[in-house]
Amino acid sequence: MQEKDRLINEIGVEILNAEDLEGYDNWQSLSVVIDIHEGHSANSGYIYFNDDVDPFMADSPNISKWTNLLQDLRECFHKETGHYLKQMLVQIGNGEDECRMNTEFEFDDPHRWSITPANMKEMKEKLRPVFE
């Protein structure tokens with residue numbers, strides 16, 4: 001497994017270990033938009049149920065590990081492409097037997113998936129995971 005893939009998988013595990021996920025037994029999927037900058041990051045997203053959607057943040061129980069994973073991934077992409085990763089979209093589906101994960105990466109537009117008060121309704125559906 002390449003270093004980049006290992007980091008992406010570990011980020012997915014950290015999202016699944018997020019404190020905000022505790023107490024949700026019936027979630028179907030979630031989307032997390034991660035803004036990655038030199039030395040810091042932020043995230044926001046949604047958790048999806050049958051007919052409902054709630055805001056979601058991936059608050060890792062180990063913030064230093066979370067920060068290191070994101071910074072290492074940023075540097076890994078920079079070495080590979082010459083560009084710094086600005087945003088990452090992580091979508092996880094909660095299946096009966098296993099979880100599925102999709103990831104997308106943004107190198108140019110730091111606001112591609114940003115959630116703001118003006119676009120919250122639109123982004124709830126735009127970010128809804130679709131697993132084929």
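## Briefing on a predicted model

Glu104 is partly exposed, with 35% of relative accessible area. The model described here is predicted. Its side chain meets that of Arg112 in a salt bridge, where Glu104 and Arg112 come to 3.4 Å, N to O. The points below cover salt bridges, aromatic rings, the charged surface, and some residue pairs that are apart in sequence.

**Salt bridges**

- The count of salt bridges in the model comes to eight.
- Arg112, the partner of Glu104, is partly exposed, at a relative accessible area of 33%.
- Arg112 also forms a salt bridge with Glu106, at 2.9 Å from N to O.
- Glu106 counts as buried because its relative accessibility is 10%, under the cut-off of 20%.
- Glu3, Arg6 and Glu10 are joined into one network by salt bridges that share partners.
- A further salt bridge links Arg74 and Glu75, whose closest N and O atoms are 3.8 Å apart; this lies within the 4 Å that defines such a contact.
- Arg74 has a relative accessibility of 10%, so this residue counts as buried.
- Glu75, by contrast, is partly exposed, with a relative accessible area of 33%.

**Aromatic rings**

- A pair of aromatic rings is described by two values, the distance of the centres and the angle of the planes.
- The model holds four aromatic pairs.
- One of these is the pair of Phe77 and Phe105, with 4.8 Å from centre to centre and 50 degrees between the planes, and this pair is tilted.
- Phe77 belongs to helix H2 (residues 63-81) and Phe105 to strand S5 (residues 99-106), so the pair ties together parts that are 28 residues apart in sequence.
- Phe77 is buried, at a relative accessible area of 4%.
- Phe105 has a relative accessibility of 23% and therefore counts as partly exposed.
- Phe77 also pairs with Phe107: the ring centres are 5.2 Å apart and the planes stand at 70 degrees, so this pair is edge-to-face.
- The angle of 70 degrees leads to that label because planes over 60 degrees apart count as edge-to-face.
- The pair of Phe77 and Phe107 links distant parts of the chain, with Phe77 in helix H2 and Phe107 in the loop between S5 and helix H3 (120-126), 30 residues apart.
- Phe107 counts as partly exposed, at 23% relative accessibility.
- Together, Phe77, Phe105 and Phe107 form one aromatic cluster.

**Charged surface and the first loops**

- Glu19, Asp20, Glu22 and Asp59 form a negative surface patch.
- Glu22, one of the patch residues, sits in the loop between helix H1 (3-16) and strand S1 (29-37).
- With 61% relative accessibility, Glu22 counts as exposed, because the cut-off for that label is over 50%.
- Gly39 is located in the loop between S1 and strand S2 (40-48).
- Gly39 is exposed as well, at a relative accessible area of 56%.
- Gly39 and Lys65 are 26 residues apart along the chain, and their C-alpha atoms are separated by 13 Å.

**Helix H2 and residues elsewhere in the chain**

- Thr67 is part of helix H2.
- The relative accessible area of Thr67 is 25%, so Thr67 is partly exposed.
- Thr67 and Ala42 are 25 residues apart in sequence, with 9.6 Å in space from C-alpha to C-alpha.
- Glu80 is also found in helix H2.
- Glu80 is partly exposed, with a relative accessible area of 47%.
- The C-alpha atoms of Glu80 and Lys4 are separated by 9.5 Å, while the two residues are 76 residues apart along the chain.

Technical notes
Residues numbered from 1 in each chain as written. Predicted model: local features only at pLDDT ≥ 70, side-chain atom pairs only at ≥ 80, totals over all residues. Heavy atoms only, no water. Patch = residues over 30% accessible without salt bridge, like charges linked within 9 Å, V, L, I, M, F, W, Y side chains within 5 Å. Areas by Shrake-Rupley, 256 points an atom, 1.4 Å probe, with all protein chains shown as cover. Lys, Arg positive; Asp, Glu negative; His and termini not counted. Charge placed at Lys NZ, Arg CZ, Asp CG, Glu CD. Helix = DSSP H or I, 4+ residues; strand = E, 2+ residues; numbered from the N terminus. Buried < 20%, exposed > 50% of the residue type's maximum accessible area, 1.4 Å probe, protein only. Phe/Tyr/Trp six-rings, centres within 6.5 Å; stacked < 30°, edge-to-face > 60°.
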